[in-house]
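Good morning, and thank you for coming. Please look at the structure with me as I speak; I shall go from one residue to the next.

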Amino acid sequence: MVLLKGFVKPEDQIGMVSMCRQLGKGLGGFYRPSFKNGAKLNLWMMSLGKNWDPTLRSYGPTRPFDGAQAPTIPDAFKMIAQTANSTASEFPQINPDICIVNYYTNSGKLGLHQDKDESKSSLAKGLPFISISIGDTAEFLFGDTRDKDQATKINLESGDVLILGGESRLLFHGVSHVKTDTTPTWLKEAIGLRPGRINLTFRQY
């Protein structure tokens, strides 16, 4: 597990927000997903490359509820993720074909969970997932169990990249809360980013 503080350059953060905004308004864009019991997640989500269905916990080319195809991952996004991957040289290099984009409002959160819906081969090799944070700071939790009281807490700030692979690939992790008014001033002024946090997680199926 490696945290690259402030790794994503300001101009790249601005570009990623602009592209997410554009993609999020189109077919296959942002929606508020549900669990099997019908409860809504406390975030908005968009899948790029392959669609991830949180109800079935599986990947596919389209979303079951509207038939929309997952938009293609922009090459610029892949380049940033793979550069971070190369910087953390202890991890094998991935060719990301999945990017889950989550938008958290100031009340957004995500319970402790494992990312284990990728292929058996990907998980067996411990291929990393690469998480990029933009906007407001999030309190990120991680640990060996789903017990949030035992979890370690760190702050993920705008531009930070967190990489989990190898033995840490299946750590439980989540977001306890988003810290309001922590988006860098330059980012708000440059792009008019609304309060909240954008998280992009890259994976290889």
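Let us begin with Ala76, whose place is in helix α2, residues 75-87. What I show is a predicted model. Is Ala76 buried, partly exposed or exposed? Its relative accessible area is 48%, and buried means under 20% while exposed means over 50%, so Ala76 is partly exposed. Along the chain, Ala76 and Met19 are 57 residues apart, and their C-alpha atoms are separated by 9.8 Å.

Now let me step back to the whole protein. It has four helices and twelve strands. Its radius of gyration is 16 Å, close to the 17 Å that the globule rule gives for 205 residues, and therefore the protein is as compact as a globular protein of that length. If we take the principal axes, the C-alpha atoms fill a box of roughly 45 × 40 × 35 Å. Of the 205 residues, 52% are buried. Consider also the contacts with a separation of 6 or more: residues 24 or more positions apart account for 75% of them.

I turn next to an annotated site. Which residues does UniProt list under "binding site"? The record, an unreviewed entry, places this feature at His113, Asp115 and His173. These residues are spread over 61 residues of sequence, yet they cluster in space, with a largest C-alpha distance of 8.7 Å. From this set, His113, Asp115 and His173 are taken in by the lining of the largest pocket.

Let us examine two of these residues, starting with Asp115. Asp115 is found in the loop between β6, residues 110-113, and α3, residues 120-124. Its relative accessibility is 7%, and because buried means under 20%, Asp115 counts as buried. Which residues does Asp115 touch, if we leave out those up to four places away in sequence? They are Leu123, Phe129, Arg169, Leu170, His173 and Arg203. With one of them, His173, there is a polar contact between side chains, at 3.4 Å.

His173 itself lies in strand β11, which covers residues 172-178. With a relative accessible area of 5%, His173 is buried as well. Again not counting residues up to four places away in sequence, His173 touches Gly111, Leu112, His113, Gln114, Asp115, Phe129, Phe140, Leu141 and Phe142. That list includes His113 and Asp115, which the UniProt record also names under "binding site".

My next topic is the salt bridges. How many are found in a search of the whole structure? The search finds seven. I shall describe some of them.

In one, the side chains of Glu157 and Lys5 meet, with a distance of 2.9 Å from N to O. This pair links distant parts of the chain, 152 residues apart: Glu157 is in the loop between β9 (152-156) and β10 (161-164), and Lys5 is in the loop between β1 (2-4) and α1 (10-24). Glu157 counts as partly exposed at 38% relative accessibility, and Lys5 counts as partly exposed at 45%.

Another salt bridge joins the side chains of Asp117 and Arg57, at 3.2 Å from N to O. Asp117 lies in the loop between β6 and α3, whereas Arg57 lies in the loop between β3 (51-53) and β4 (58-60), so the pair ties together parts that are 60 residues apart in sequence. Here the partners fall into separate classes: Asp117 counts as buried, at 15% relative accessibility, while Arg57 counts as partly exposed, at 37%.

We now return to Asp115. Which residue forms a salt bridge with Asp115, the closest N and O atoms being 3.2 Å apart? The partner is Arg203. The pair links distant parts of the chain, for Arg203 is in strand β12, residues 197-203, and Asp115 is in the loop between β6 and α3, 88 residues away. Arg203 counts as buried at 8% relative accessibility, and Asp115, as we have heard, counts as buried at 7%. Moreover, Asp115 and Arg203 belong to a network of salt bridges that also links Glu118 and Arg169.

Let me close with Asp115, where several of these points meet. Asp115 is named in the UniProt "binding site" feature, makes a side-chain polar contact with His173, and takes part in the salt-bridge network with Glu118, Arg169 and Arg203. Thank you for your attention.

Methods: Residues are numbered from 1 along each chain as its sequence is written. This is a predicted model: local features need pLDDT of at least 70, side-chain atom pairs count only at pLDDT 80 or more; totals for chains, interfaces and linings use all residues. Side-chain values use heavy atoms; hydrogens and water are left out. UniProt positions are given in the numbering used here, feature names are shortened, and annotations may be inferred rather than shown by experiment. On a 1 Å grid over the protein atoms alone, a cavity is a set of points where a 1.4 Å probe fits but cannot get out, and a pocket is an open set with protein on both sides within 12 Å along at least five of seven lines; lining residues have an atom within 4 Å of a point. Helices (H or I, at least four residues) and strands (E, at least two) are DSSP runs, numbered from the N terminus. Buried means under 20% relative accessible area, exposed over 50%, partly exposed in between (1.4 Å probe, protein chains only). Contact means heavy atoms within 4.5 Å. A polar contact is a pair of N or O atoms within 3.5 Å; within protein, one must be able to donate a hydrogen and the other to accept it, and residues adjacent in sequence count only if both atoms are side-chain atoms. A salt bridge is a side-chain nitrogen of Lys or Arg within 4 Å of a carboxyl oxygen of Asp or Glu. The radius of gyration is taken over C-alpha atoms; the globule rule is 2.2 Å times the number of residues to the power 0.38.
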